[in-house]
Amino acid sequence: MAHVAEPAGAEALDAKSESRVWKKFRSHRSAMLGGVIVLFFVLLAILAPILPIPDPTATDWGAVRKAPSLAHPMGTDEIGRDVMSRLIWGARASLMAGVLSVAIALGIGVPLGIAAGYFGGWTDSVISRCTEALLAAPFLILAIALAAFLGPSLGNAMIAIGLSATPIFIRLTRGQVISVAAEDYVESANAIGLPTMKILSRYIFPNVLPPVLVQATLTVATAIIAEASLSFLGLGQQPPAPSWGSMLNTAKNFLNQAPWMALWPGIAIFLVVLGFNLLGDGLRDALDPRET
Amino acid sequence: MLRKLTLTAVLMGASALGAQAQDLRIALQSDADVLDPDQSRTFVGRIVYTALCDKLVDITPELELIGQLATDWSWNDDQTQLTMQLREGVTFHDGTPFNAEAVAYNIERSQTLEESRRKSEVASITGTEVLGEYEIRLDLEQPDATLLAQLADRAGMMISPTAAREAGADFGSNPVCSGPFAFDNRVAQDRIVLKKYADYWNADEINFETVTYLPIPDNTVRLANLQSGDVDIVDRVSATDLEQAKADPKVQIESAVSLGYQGITINVGNGDKAKNPLGEDSKIRRALSLAIDREALNQVVFNGAFAAGNQPFPPNSPWFDPDHPIPERDVEAAKALLAEAGYPDGITIEIQAPNSTEPQQVMQVVQAMAAEAGITIEIVSKEFATMLQDQTAGDYTASQVGWSGRVDPDGNIHQFLTTGGGINDSGYSNAQVDEYLNAARVTNDTAERKELYNKARDILMEDSPLVYLYHPTWIWGLAEGVEGFTPYADGMIRLEGVSLSE
Amino acid sequence: MLAFIGRRILVAIPTIVLISIFVFSLQQLLPGDPILAMAGEERDPETIAFLREKYGFNDPLPVQYVKWVTGVVQGDLGISLRSNQPVSELLLQKLPVTIQLAIMAMIFAIAIGVPMGIVSAVKKGTVLDYAANLIALSGLSIPNFWLGIMLILLVSVKWGLLPASGYVPPGEDLWLSIKTMLMPAFVLGTALAATLMRHTRSAMLGVLKSDYVRTARAKGLKERRVILKHAFRNALVPIVTLMALLFGELIAGAVLTEQIFTIPGFGKLVVDAVFNRDYAVVQGIVLCTAVGFIIMNLVADAAYFALNPRLRKQ
C-alpha cells in the first residue's frame, strides 16, 4: 500500500544545512536503526557470492523439507535447498526490485513532474490528466495487469512496479516545483534572464530533491512488498532463482509440514521494509525545517 | 475479547453441526465455468454435473461402462448402429419427461449449437432414429469405439429440451437437467448451490437436501476448511499435505490414480521453433527421458503419492504397454545418446512451464536431474493463458503440460499424436502411428485395440515427441462423519450413497 | 462550493476517458488469446472461430472500443467470457462484498489507529510514543498476505476459533458474516491503522502547538478536555480527508486479502479475470474502481472544504 506522503518543507540544501541535517539524522535513533537494518541486508546481498553458504539452487533429494539443524540453520525447502542460502541470495532480488523499480519511477516521474510544474499550461494539463488517470487505477491492480502483460519475470515485475509508482513522483515533484517557482529568488533569476536549464538545475532541482528523497525511501519499502506480492501471485522472480516473495509463494503450500519455509522470508521482508520505513521517517524529520 | 470469541466459536460449532446433515459442503479447487454441458470446459464443472446432470452412460470404479439414463444398449453387426433402451419414468427438473425425443434433441444440440464444445465428441453420429418412447438408435458413418465413453461424459448429459429451447446459449445461467440435484443458485467464484430433486429416479440413494460447492483455490486453505469443520468434502488434497491430513482424526482420506498424465510436450513439427536439436533429434529427447528418475521425482514433489509414468496410461491401466516398463534412470546412457547426437559436452534446452507452484517444482527437480546428464534446462515461466497460446501457435520448443484423462484410451492419445490432431501441439506426424491410432478408433474389439496401441507405442517410444513423467492421484479429504464415498479414477465426486452422520 | 465540485467533475471526465482507453488497450497488449484461454482442454478450431466472431474480437480495436463505450454509456459493460454473466451483474454482486470488507477494515483501522495517534502525540517523546510508532511502522511493514496466511494457520487451523476462509452475506447470517470477515478485515486494516495513526499523530502535534490550544490551556481547562474537544476536533479535518482517500486504497488492498481468504469480491474477481484474460471483467472493474476513486477524492475535497472554516469563508 502506498504511503500518502506528508510533505516536507522546501529548503535549499547548502553546506551548512547539510551538516545540520546529518546531525539531526544521526541523533534520530530509530532512523539510525533503520539505516543499520538496511545496511545489514545490503551487505548480505553484496556478499552473498563470497559467504560460506551452499549454492542456493543446489538440490538434495535426501533432505527435502528438513527442519532447521546445524547443517541447515533455517531448514531446507521443498526440493532440499538450503533456506538460509536462498534467503541471503533472495535479498539481492528483493532489494534490487525495491531500488530499481523506484529508480524507474524516479527516472520518469521527476522529469515529467518538473516539466509539468515549471512549464505549466498545456504541458501541465496533459501530464496531470495522465497522472490522475494512472493514480485512479489501484496500484496493485495496475502492477498485476502490467506484469501479466510483460510476462512473469523479476525484471518485468520491477518495470510494472516502477511504472505504477511513477504518478506519485510526478505529482509530488510538480507540487514542489510550483511552490519553489513562486519563490522570489526564482522569479528574480527568471527576470535577469538566466537560461531555463540553469534555473532548473541550480534552483528548482535541489529544492525538489529532499521530499522526493523521502518519498523514494518510503516507496522502496512499498516496492519490496509489491514485488513480494507479485511473486506471491507467480508474477515476480521465477524459479530456481530465489526471491523472498517467490519463496513465500512456494512456502504457503507447506505451511503445516515446513512452517520455517514461510517464517524466514516473511521476517526478512518485514525487517527490510521496516528498515526502509524507519530510514524514510528519519530522513523526513531531518529534512523538515519546521521541527528542530 | 478472546473468551467471547471462543464461546461464540463453540456456539457456532453446535449450530453448524445441526445443519450439516441437510447440507453437504464440497470445496473445489477452482470455480466451474458456464453450467451448460454443451459449452462447458472445466474439470470442476464436470464434478458439479455429477450431481446436477445425469448421463446416458456412467462408469463403475473399475471403469466398466454401465447404464444411467440408458438402461441397456446393443450394436448392430458392423457396429455402425447403436440402439439404446432408455430408463422409464424419468423427468427433468422442470417436469419435462425424459424420452427418446429428448435424447435426439440433446445430440442434435451438441452437434449444432454454435457455442458447442462437444462437436468433435459426437462427430461420428450421422443421425438419430426415435424407435419408441424409450428406444433410440444412433447411426454412425463408421464404427466408433470411443462413443460410449463420450456418452458417459458431458456429451451424454441430458438437459431439458423445454428449458434449452427457451434459453438457447444462455442455458448455463439456469441449467435444467435430470440429476439427483437441481440448480438452486450460484454466486460466481463463491458458491454453487443445488437442491435435492424429489422426483429423482434414484432418490433413495440421495441423503442431502442441498449440496453446496465452494471454490477454494488455495490448497492449504481448502484443507484448513475441512479441518475446521467448515466443509465436508475437499477436492484434490495436495500430496504433500497427505501425512498431516492422515494424522488428523477428524479427516478421512480417499484416493484413486487418475486417468490423466503430466509430461513434457516437445515441439517436433509445429512451425519454425521445431527446428532445433531437441525438436529434430529424437536421441536428445530420449536422453532427456533417461536422465529423469521418475520415482524420485514422485517422492520429492508428491511424497510418493502419485504414480510414476512413461505412457499416456498409468501403469495400473489395462491399456498400459508392459513391454515398455517405466525406465530406470540411466545418466550414462543419456550421456551416450547425447554424444551420439553430436553433443558430447552437453546441450541447453528451453522448456516452458506454467507459473504455478506445482509445475514449477516438478520442473526444478527435472532441471536438477537433467543437469547431471549434461542437459541444461532453461525454465521459461508463463502464465497458463499465454503458455496455451504459444503452444498452439508453435511458439515454443518444449512445454510442461498435462491432460486430465478420459475413460476411453483414445481420449488420452489420438488427438495429441495423430497428424493434424485437435491438440497436437507437438506437430508430430507419423503415417504409421496415424494408421494404428485411427484403426484403434473404429473397432470395439478390446484385444485388437490394445494390440494397435502397443504397436503405436513402440514407435512413439523411439520418437518421444511427448516425454511422460507421472500420473496424478486424486486425493479427497472427507470429514469424519462422511460415509459411503467411492473414489473414481475420473476424479468425480458421485453422491449416490454418500451420507453424513453426526 | 457547488461551483468547486462542478469544476472538479468536469476535470474528472478526461481522466476517466484516459483510463478507459488505457484499460482497453490492455487487451491488445496482454499476451494470451482470451478465447483460447477459455477454450480449456478441448480446442475445437471451428467453435473458437465462432466465439471470436461472437464476442467481436475480429473487429479492429477502435471499433471494439467504440462499441464498448457505447455500451458503457448505456450501462452495459459487456459479458464475462468465463461465466457468461453480464459484467455489470458481476460487479453488483461483488461490490457489496468488498465494501463490507473495506468498512470493517476501516473500523479496525480507526479503532486502533486514531487512539494510538492521539496518545502518541500527547505523550510525544516518551516510551509510549516510541512504542506506538514502532507498532505502526511494523503494521506498515508486514506483507499482508503473509500475515493472512499466518493467521489462518493459527486462528483457524490450530485454535479453530474463526472460519478459515469464504464469505457469508450479512443478509443470510449477520453474525457469521461478521465472524468470517473478522480476520481478513484485520489483515487489511493493519497497514491502514498504521497510516492513520501516523497522520493522526502529526495532525495532533500540529494542532497542539497552535494558538487556540494554548489559549484553551491558559483558560485553565482540563487537559483531557483540551485534547479531546479542542485539539482532536481540529485535527479531525486532515484525518477525515485522509480516510476518504484511503478508502480507494483499501479497495485496491483488498486484492491480495481476498485472494488469500477466498472472498468473492472485487479483488479476487480482477485477479482471476486478468489470469483468465476475461477482458470485459478487467475493464469493468478498473473503470469502476477508477470512478470510485475519483468520487472518493471529490468527497475528500468536499469534506476538507466543509470542515475547514477558513476555506468556507473564502
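Let me start in strand β18 of chain B, where Tyr470(B) is the bridge partner of Ala308(B). I should say at once that what we are looking at is a predicted model. That pair belongs to an antiparallel arrangement in which two bridges join strand β14, residues 307–308 of chain B, to β18(B). A second neighbour is strand β13, residues 261–266 of chain B, which pairs with β18(B) over four bridges, again in the antiparallel sense, and here Gly263(B) stands opposite Tyr468(B). Is β18(B) enclosed or not? Five of the six residues of this strand, which covers residues 466–471, are buried, so the strand is largely enclosed by the rest of the structure.

Strand β7 of chain B, residues 135–140, has two faces: Ile136(B), Leu138(B) and Leu140(B) make up the covered face, while Glu135(B), Arg137(B) and Asp139(B) make up the uncovered one. Strand β5, residues 81–86 of chain B, pairs with β7(B) in the antiparallel sense over five bridges, and there Leu138(B), from the covered face, is the bridge partner of Leu82(B). Strand β6, residues 125–132 of chain B, also runs antiparallel to β7(B), the two being joined by six bridges, with Glu135(B), from the uncovered face, standing opposite Gly132(B). β6(B) and β7(B) form a hairpin, with two residues between them.

Now to chain C, and to how it meets chain B. In this model 42 residues of chain C are in contact with 40 residues of chain B. On the chain C side, the elements that give two or more residues are α2 (34–37), α3 (45–54), α5, α7 (144–158) and α11 (266–276), and the largest share, five residues, comes from α11(C). By character, the residues on that side divide into 19 nonpolar, 13 polar and 10 charged.

One of those contributing elements, α5(C), deserves a closer look. How far apart are its end C-alpha atoms? They are 50 Å apart, which agrees with the 52 Å that its 36 residues, 87–122, should span at 1.5 Å a residue. There is nevertheless a kink of about 25 degrees in α5(C), which lies at Lys94(C), shortly before the proline Pro96(C).

Finally, the division of the chain: chain C is divided into domain 1, residues 20–73, and domain 2, residues 95–313, and the C-alpha centres of these two domains lie 37 Å apart.

Notes. Residues numbered from 1 in each chain as written. Chains lettered and ligands numbered in written order. Predicted model: local features only at pLDDT ≥ 70, side-chain atom pairs only at ≥ 80, totals over all residues. Expected span 1.5 Å × (residues − 1). Bend = angle between axes of the 7 residues up to and from the residue. Contact = placed C-beta atoms within 7 Å. Nonpolar A, V, L, I, M, F, W, Y, C, P; charged D, E, K, R; others polar. Domains from an automatic or database assignment. Buried ≥ 20, exposed ≤ 12 C-beta atoms within 10 Å, placed from the backbone. Pairing = 2+ DSSP bridges.
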